[in-house]
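Subject: The structure for you to look through

Dear colleague,

I am handing over the structure we spoke about, and I would be glad if you opened it beside this message. Please look through it once on your own, and then read the notes that follow.

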Amino acid sequence: MKSLNLSEINLRDPFILTDVRTGAYYLYGTDGATAWSGTPAGFDVYVSRDLVNWEGPEPAFRPDEDFWSDRHYWAPEVHQWNGRCYMFASFKSEQQARGTSILVSDSPVGPFIPLFGGKPVTPEGWECLDGTLHVDDEGQPWMVFCREWVEVKDGEMYAVRLAPDLSRADGNPVLLFKASDAPWAVAVGDNKDSYITDGPYMHRLPDGQLAMLWSSAGEHGYTMGLARSSGGIEGPWTQDAEPVFAKDGGHGMLFRTFEGELCLTIHTPNANPQERPVIFKVKEEGSRLVIEGQAGQ
């Protein structure tokens with residue numbers, strides 16, 4: 001199989017799993033070719049041992065004929081929990097609002113099988129996307145997700161408790177913040193009265209603060225900022241005045257290499273079909289995340 005570099009892989013919303021069991025990195029994301037139109041085949045995975053050379057794509061999820069969604073297969077994330085691999089991914093159909101479903105596999109390469117009959121874990125009737133896993137200090141799993149600006153105008157960020165096996169929501173969603181709370185976020189839409197919430201990812205900073213990377217529209221296009229809570233997932237949340245990445249890129253997540261180095265991956269630019277995954281080295285300075293340079297360069 002041909003080895004690829006990241007500049008040859010057309011993915012949005014990249015997510016990288018570091019798997020110590022296999023000694024490999026696994027890259028997932030939204031297929032650029034069917035991100036906005038067409039019928040997606042499912043989700044694929046790319047595999048690397050050095051973050052530079054990637055093999056794939058290999059099929060990680062292929063829907064059955066009775067799967068509820070036929071479009072907009074977005075933002076797959078794979079988290080390891082209790083010895084298994086759980087994929088959080090967003091889907092939509094003509095008859096049903098966009099929502100995040102959870103799938104499971106015993107391997108990072110799949111095949112991933114939908115839980116809960118494939119139904120979204122996000123509330124029925126809400127337009128939601130970009131669910132991500134957070135486990136609190138008591139070991140309780142949560143899903144953090146976005147309620148879309150196309151429905152509520154001022155995009156919202158929520159958290160909901162999950163059942164121990166991640167099969168379903170266990171309680172009502174808790175509103176964490178709205179997109180307009182960020183000083184760097186700018187309004188979008190025909191009337192410039194809407195604000196986007198995209199791509200949450202949770203991270204505990206060295207000083208103990210719980211942080212969330214998330215993306216919206218900024219002065220220079222797609223932008224990723226940082227929200228932080230001095231308490232737990234339910235907040236209160238405050239927004240950093242300056243974004244982490246403001247140059248037409250975002251939907252980021254953090255991972256550690258096998259050597260323990262912290263890295264950030266985002267897609268940039270945001271224009272389809274030019275978007276590509278990019279990996280940066282990141283340094284933690286107390287309560288700050290500082291991008292130091294592109295990895296593998």
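Let me begin with one pair of charged side chains, Glu-284 and Arg-256, which form a salt bridge in which the closest N and O atoms are 3.1 Å apart. Glu-284 belongs to strand β20 (residues 276-285) and Arg-256 to strand β18, so this pair ties together parts of the chain that are 28 residues apart in sequence. Please keep in mind throughout that this is a predicted model. Glu-284 is partly exposed, with a relative accessible area of 24%, and Arg-256 is likewise described as partly exposed, its value being 38%.

The structure holds 15 salt bridges, and the general idea behind them is that side chains of opposite charge can pair when their charged atoms come close. Asp-70, Arg-71 and Glu-94 are joined into one network by salt bridges that share partners. Within this network, Arg-71 pairs with Asp-70, with 2.9 Å between the closest N and O atoms; Arg-71 counts as partly exposed at 27% relative accessibility, and Asp-70 counts as partly exposed at 35%.

A further salt bridge is the one in which the side chains of Asp-240 and Arg-228 meet, at 2.8 Å from N to O. This pair links distant parts of the chain, since Asp-240 sits in the loop between β17 (237-239) and β18 (250-256) while Arg-228 sits in strand β16 (residues 221-229), 12 residues apart. Arg-228 has 10% relative accessibility and therefore counts as buried, the limit for that word being under 20%.

Which side chain of opposite charge is nearest to Asp-198, a residue that is buried yet has no salt bridge? It is Arg-12, which is 6.1 Å away, whereas a salt bridge would need the nitrogen and the carboxyl oxygen to be within 4 Å. Asp-198, which lies in strand β14 (residues 198-204), does have a polar contact of 3.2 Å that joins its side chain to that of Tyr-222. If residues up to four places away in sequence are left out, Asp-198 touches Leu-129, Asp-130, Cys-146, Trp-214, Ser-215 and Tyr-222.

Turning to the strands, it helps to recall that strands of a sheet pair through backbone hydrogen bonds, either parallel or antiparallel. One open sheet is formed by four strands in the order β10-β11-β12-β13, with antiparallel pairing. In this sheet β10 (128-135) and β13 (174-178) stand at the edges, and because each has a single partner strand, one side of each is left without a neighbour in the sheet. From one strand to the next, the twist averages 25°. Strand β11 (residues 141-147) and strand β12 (residues 156-161) pair in the antiparallel sense over six bridges, and Trp-142 stands opposite Arg-161 in β12.

Finally, please look at strand β6 (residues 71-81), where nine of the 11 residues are buried, so that the strand is largely enclosed by the rest of the structure. Seven bridges join β6 to strand β7 (residues 84-92), and the two run antiparallel; in β7, Phe-88 is the bridge partner of Glu-77. The hairpin of β6 and β7 has two residues between the strands, and in it Asn-82 takes a positive phi near 55°.

With best wishes

Definitions and conventions: Residues are numbered from 1 along each chain as its sequence is written. This is a predicted model: local features need pLDDT of at least 70, side-chain atom pairs count only at pLDDT 80 or more; totals for chains, interfaces and linings use all residues. Side-chain values use heavy atoms; hydrogens and water are left out. Two strands pair if DSSP finds at least two bridges between them. Axes are lines fitted to C-alpha atoms, for helices over the stretch in contact, and angles run from 0 to 180 degrees between N-to-C directions. Buried means under 20% relative accessible area, exposed over 50%, partly exposed in between (1.4 Å probe, protein chains only). Lys and Arg count as positive and Asp and Glu as negative; His and the chain ends are not counted. A polar contact is a pair of N or O atoms within 3.5 Å; within protein, one must be able to donate a hydrogen and the other to accept it, and residues adjacent in sequence count only if both atoms are side-chain atoms. Contact means heavy atoms within 4.5 Å.
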